[in-house]
Amino acid sequence: MDFLDMMNRRHSCRAYDPAQGVSREELLKIVEAGRLSPSGCNSQPWKFIVVDSPEAKEKLCDAIVVGDGVTGAPWRHQVPAFIILIEKKAKVMPMVVEYYKDTQRFAPGDIGAACMNMCHEAFCLGLDTCMIGMNDQAKMEKYFGIPADCIARVVLAVGHAANPDAPVNKVRKPLEEVCSFNYWE
Ligand SMILES: Cc1cc2nc3c(=O)[nH]c(=O)nc-3n(C[C@H](O)[C@H](O)[C@H](O)COP(=O)(O)O)c2cc1C
């Protein structure tokens, strides 16, 4: 399949078929796509926690509710597996730290690249995904042993769409608004 064709067909899935599970083999292939992703200074500032047991999923479903019951995933209980993408302290080149005074300058982008590659690998396996951006960091640390100096940046829901044949509607800004040549327009 052409890459742009895949981009047009991949979408954020918010309705999963709870009867269809995801195997560990599939989950590890998705993680492999994250592991192979590029990162600033090749620091690989990530750790991936696969969440597929009923007990761990229950905890995860609680951790992605923040504050007074706010969640980006009201459909979370249908999801057969999740992957938590955790940003670790990055070991970057001295010149980067010197200039930006920040070891984490590239890390959120690195996590984003890994996450996107994982979504595309899942798509190639016939699976559906949705990134979930909000989570309660304190609960993540308590439930999953994530060290306090690491940030649970995004949770990836993985499963089979409840309606796999539903049309995909890509809502995107027009090309001319987001792109110009040689200068800002
Ligand atoms: C960092 C990030 C966080 C997101 N968090 C959520 C979320 O909590 N819940 C949700 O339903 N979608 C979430 N999304 C999915 C976006 O809403 C989605 O990518 C966007 O609307 C474009 O749609 P598409 O992915 O179907 O092309 C998130 C996406 C990103 C990149």
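These are legends for five close-ups of a predicted model.

**Close-up 1. The largest nonpolar core and its best-connected members.** This core has 40 residues, and those touching the most other members are Phe82, Ile83, Leu85, Val155, Leu156, Ala157 and Val158. Helices and strands both feed into this core: helix H2 (24–35), helix H3 (54–63) and helix H5 (107–124) each supply at least two residues, and so do strand E1 (46–51), strand E4 (81–87), strand E5 (128–132) and strand E6 (151–159).

**Close-up 2. Val158 and what it touches.** Leave out residues up to four places away in sequence, and Val158 still touches Val22, Leu27, Ile30, Ala122 and Leu127. Its list also takes in Ala81, Phe82, Ile83 and Thr129. Among these partners, Phe82 and Ile83 share with Val158 a place in the group that touches the most other core members.

**Close-up 3. H3 packed against H6.** Two packed helices are described by the angle between their axes and the distance between the axes. For H3 and helix H6 (residues 137–144), the angle is about 165° and the axes are 9 Å apart. With angles over 145 degrees counting as roughly antiparallel, that is why H3 is roughly antiparallel to H6. H3 passes H6 in a right-handed crossing. On the H3 side, look for Lys59, Asp62 and Ala63; they meet Lys139, Met140 and Tyr143 of H6. Sorted by type, the residues of this contact come out as 3 nonpolar, 3 charged and no polar.

**Close-up 4. H2 packed against H5.** Here the axes lie 7 Å apart, at an angle of about 145°. The crossing of H2 past H5 is right-handed. H2 brings Lys29, Ile30, Ala33 and Gly34 to the contact, while H5 brings Ala114, Asn117, Met118, His120, Glu121 and Ala122. The mix is 5 nonpolar, 3 polar and 2 charged residues. Two of the residues in this contact, Ile30 and Ala122, also turn up among those that Val158 touches.

**Close-up 5. Positive phi at Cys41 and Asn182.** Most residues other than glycine have a negative phi. Cys41 isn't a glycine, yet its phi is positive, at about 60°. You'll find Cys41 in the loop between H2 and E1, and it counts as partly exposed because it has 17 C-beta neighbours inside 10 Å. Asn182 isn't a glycine either, and its phi is positive too, at about 70°. Asn182 sits in the segment after helix H7 (175–178). It has 5 C-beta neighbours inside 10 Å, so Asn182 counts as exposed.

Key
Residues are numbered from 1 along each chain as its sequence is written. This is a predicted model: local features need pLDDT of at least 70, side-chain atom pairs count only at pLDDT 80 or more; totals for chains, interfaces and linings use all residues. A nonpolar core is a set of buried Ala, Val, Leu, Ile, Met, Phe, Trp, Tyr and Cys residues joined through C-beta atoms within 7 Å. A residue is buried if 20 or more other C-beta atoms lie within 10 Å of its own, exposed if 12 or fewer, and partly exposed in between; C-beta atoms are placed from the backbone. Helices (H or I, at least four residues) and strands (E, at least two) are DSSP runs, numbered from the N terminus. Two residues are in contact if their C-beta atoms, placed from the backbone, lie within 7 Å. Axes are lines fitted to C-alpha atoms, for helices over the stretch in contact, and angles run from 0 to 180 degrees between N-to-C directions. Angles under 35 degrees count as roughly parallel, over 145 as roughly antiparallel, 65 to 115 as roughly perpendicular and the rest as oblique. A crossing is left-handed if the near helix is turned anticlockwise from the far one by less than a right angle, and right-handed if clockwise. Ala, Val, Leu, Ile, Met, Phe, Trp, Tyr, Cys and Pro count as nonpolar, Asp, Glu, Lys and Arg as charged, and the others, Gly among them, as polar.
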